[in-house]
Amino acid sequence: MITLLISPFISLVLLYSNDSAIPSNVWNSRFQLTKSNSILSGDFNAHHLAWGSIFSSRRGNKIHKTINSSVLCILNNGIDTHLGRPNCNNSAIDISFASPN
């Protein structure tokens, strides 16, 4: 996880999540890092209909539940963010969120 202060007013948090299981309390702690004037973005390796995937994975459901209980907004617009290898599907596993302000 990398946190950058772009200015005194904006915080940018970048995350990479591999395929290993991540406990809910860890997800909650990551999303709590972004309060106001924040952008959280990264390769979450998570599928969910809310950000453009064609199905929802267990990890995607956990993230979506966490986001729904926070003030963060999903910035993805449904376009694939990961181009699959041959014989693999494209997907939307890279996600960006922002505080509403």
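**A first tour of the chain**

Visitor: How much space lies in the largest pocket?
Guide: Keep in mind that this is a predicted model. Rolling a probe the size of a water molecule over the atoms shows where empty space is left. For the largest pocket, that space is about 180 Å³.

Visitor: How many residues of each class does the lining of the largest pocket have?
Guide: Around the pocket you will find residues including H47, F55, D80, H82 and I93. Also in the lining are G52, S53, I54, N89, N90, S91 and A92. Sorted by class, they make four nonpolar, seven polar and one charged.

Visitor: In what order do the elements of the chain run from the N terminus on?
Guide: The chain has two helices and five strands to place. Starting at the N terminus, their order is β-β-α-β-α-β-β.

Visitor: Where on helix α2 do its buried residues fall?
Guide: Helix α2 covers residues 58-68, and R59, G60, I63, T66 and I67 are buried there. Looking down the axis of α2, these buried residues fall within an arc of 130 degrees, so they line one face of the helix.

Visitor: And which residues are exposed on the other side of α2?
Guide: Here we turn away from the buried residues, among them I63 and I67. Exposed means over 50% relative accessible area. On that other side, the exposed residues are R58, K65 and N68.

Visitor: What percentage of the residues of the chain count as buried?
Guide: A residue is buried when its relative accessible area is under 20%. The chain has 101 residues, and the buried share is 34%.

Terms used:
Residues are numbered from 1 along each chain as its sequence is written. This is a predicted model: local features need pLDDT of at least 70, side-chain atom pairs count only at pLDDT 80 or more; totals for chains, interfaces and linings use all residues. Side-chain values use heavy atoms; hydrogens and water are left out. Helices (H or I, at least four residues) and strands (E, at least two) are DSSP runs, numbered from the N terminus. Buried means under 20% relative accessible area, exposed over 50%, partly exposed in between (1.4 Å probe, protein chains only). The arc is that of the directions from the helix axis to the C-beta atoms. On a 1 Å grid over the protein atoms alone, a cavity is a set of points where a 1.4 Å probe fits but cannot get out, and a pocket is an open set with protein on both sides within 12 Å along at least five of seven lines; lining residues have an atom within 4 Å of a point. Grid points are joined across faces, edges and corners, and a volume is the space filled by probe spheres set on the points. Ala, Val, Leu, Ile, Met, Phe, Trp, Tyr, Cys and Pro count as nonpolar, Asp, Glu, Lys and Arg as charged, and the others, Gly among them, as polar.
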